[in-house]
Amino acid sequence: MSTPFPTINESLLVEQGTDLTPKVPVQARPPAPSSPARVELLGKGPLLTRSGWSAFVIALIVICALAPVLNLWVPEGNALHLSTYAVALLGKIMCYAIAALAMDLIWGYTGILSLGHGVFFALGGYVMGMYLMRQIGLEGNYKSNLPDFMVFLDWKELPWHWTFSDSFVGTLFLIVAVPGVVAFVFGYFAFRSRIKGVYFSIITQAMTFAAMLLFFRNETGFGGNNGFTDFKRILDIPIATPAMRMTLFVMTGLTLLGFFLFAKWLVGSKFGRVLQAIRDAETRVMFSGYSPLGYKLTIWVISAVMCGVAGALYVPQVGIINPGEMSPASSIEIAIWAAVGGRASLIGPIVGAFIVNGAKSWLTVAYPEFWLYFLGALFIGVTLFLPNGVVGLVKKLRKEGEQ
């Protein structure tokens, strides 16, 4: 006797919304073709924000108007007087700020840590120093048209690389050309060989050490250990006058502001976006059809030229240039300025240069034996606790305050 199947009340199932259609597998079909999605790129923003332009104009007024008035017109006994020492110190730090800004372009925005930028800084300084030595003329200790160190070494004529040293226009050209050519040759072979990371940092450190040893030699014609000093005139104008010192100060400040605007425009352009892409994922950039070699080499040369210009402005204000500016420690300090202020921010390295060198000027007088310990502790502390530098910390605190 068979067991009857239970009766299914189909009307009840329909009322409950049950689908009684047999489930027959259907072959999956590809979605209908649609128009390709449009990728919206971010529009190019302004060069500076409204507050940024306000700060820029204030800096321009301070450099071109306030500082000259306080130095040249306010009497020395007045509390508002800006001393000649302060003018020279601030001018020197602004030269360092240009070098730190150059470091930010190559390290902060391209991801290439250079420990040899001191070479380019010193090359620009030596080119300017050669011109200033020729400007001494017969006012040297030996009353000769040759620089004093050449007379001391019994040289009879100038070396070939001093050919254009008596021309100011030629000097301006060489200030840009010499660091640029050296950077191009070195960077081409390094980037073509795909040297990157810590290996690139090591070979740049080796480059600066080798250059320092070369310039220490007397037969190279660069003054040996003593370098160039005892400058008298520039463009036949006495260099030690307050007016000339203030002129150099203003020129350095304007150069710093000009390079800042140039760097701001550069990193905001398509070229700058590719640099940041190389920094974050170079392999993906290559697979996207871009050749990193040209981009890295271009920004490397630009950064070197900026350092050369900074060195050229540095020498007449400090009054000396010697191979010590090529020491590995000098190149490391440039990286420290960028790290302390905050990489990939442009304003950060400038702030870092003022903070570190301001502290150095005070500590080397008050506590000279502790300066190097302070510098090392500062770099370690920033690396561990302030990866975005002082500027990054300020931005973080500002965002927290707005919330």
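This report covers the overall make-up, salt bridges, surface patches and one buried site of a predicted model.

**Overall make-up**

The protein chain has 403 residues, and 43% of them are buried. Its secondary structure comprises 14 helices and four strands. Long-range contacts feature strongly: of the contacts between residues at least 6 apart in sequence, 76% join residues at least 24 apart. The accessible surface is about 22,900 Å². Carbon and sulfur atoms account for 66% of that surface.

**Salt bridges**

The whole structure holds eight salt bridges. Three of them are listed here, with the N to O distance for each.

| Pair | N to O distance |
|---|---|
| Asp-154 and Lys-156 | 3.0 Å |
| Lys-196 and Glu-282 | 3.1 Å |
| Asp-280 and Arg-279 | 3.0 Å |

Lys-196 pairs with Glu-282 at 3.1 Å between the closest N and O atoms. This pair links distant parts of the chain, 86 residues apart. Lys-196 sits in the loop between helix 6 and helix 7 (198–216), while Glu-282 belongs to helix 9 (residues 270–287). Lys-196 is partly exposed, because its relative accessibility is 41%. Glu-282 has a relative accessible area of 17%, so Glu-282 is buried. A network of salt bridges links Lys-196, Glu-282 and Lys-296.

The other two tabulated pairs differ in setting. Asp-154 and Lys-156 are both exposed. Asp-280 is exposed at 58% relative accessibility, whereas Arg-279 is partly exposed at 30%.

**Surface patches**

Which residues gather in the patch of positive charge on the surface? They are Lys-264, Lys-395, Arg-398 and Lys-399. Helix 14 (residues 389–402) supplies the largest share, three residues. Lys-399 lies in helix 14. With 57% relative accessibility, Lys-399 counts as exposed.

A nonpolar patch is formed on the surface by Val-181, Phe-184, Val-185 and Phe-189. Together these residues have about 390 Å² of accessible area. Val-185 is located in helix 6 (residues 168–192). Its relative accessible area is 43%, so Val-185 is partly exposed.

**A buried serine**

Is Ser-331 buried or exposed? Ser-331 is buried, because its relative accessible area is 0%. This serine is placed in helix 11 (residues 328–341). Neighbours within four places in sequence aside, Ser-331 contacts Leu-115, Gly-116, His-117, Gly-118, Val-119 and Thr-208.

Conventions. Residues numbered from 1 in each chain as written. Predicted model: local features only at pLDDT ≥ 70, side-chain atom pairs only at ≥ 80, totals over all residues. Heavy atoms only, no water. Patch = residues over 30% accessible without salt bridge, like charges linked within 9 Å, V, L, I, M, F, W, Y side chains within 5 Å. Areas by Shrake-Rupley, 256 points an atom, 1.4 Å probe, with all protein chains shown as cover. Salt bridge = Lys/Arg side-chain N within 4 Å of Asp/Glu carboxyl O. Lys, Arg positive; Asp, Glu negative; His and termini not counted. Charge placed at Lys NZ, Arg CZ, Asp CG, Glu CD. Helix = DSSP H or I, 4+ residues; strand = E, 2+ residues; numbered from the N terminus. Buried < 20%, exposed > 50% of the residue type's maximum accessible area, 1.4 Å probe, protein only. Contact = heavy atoms within 4.5 Å.
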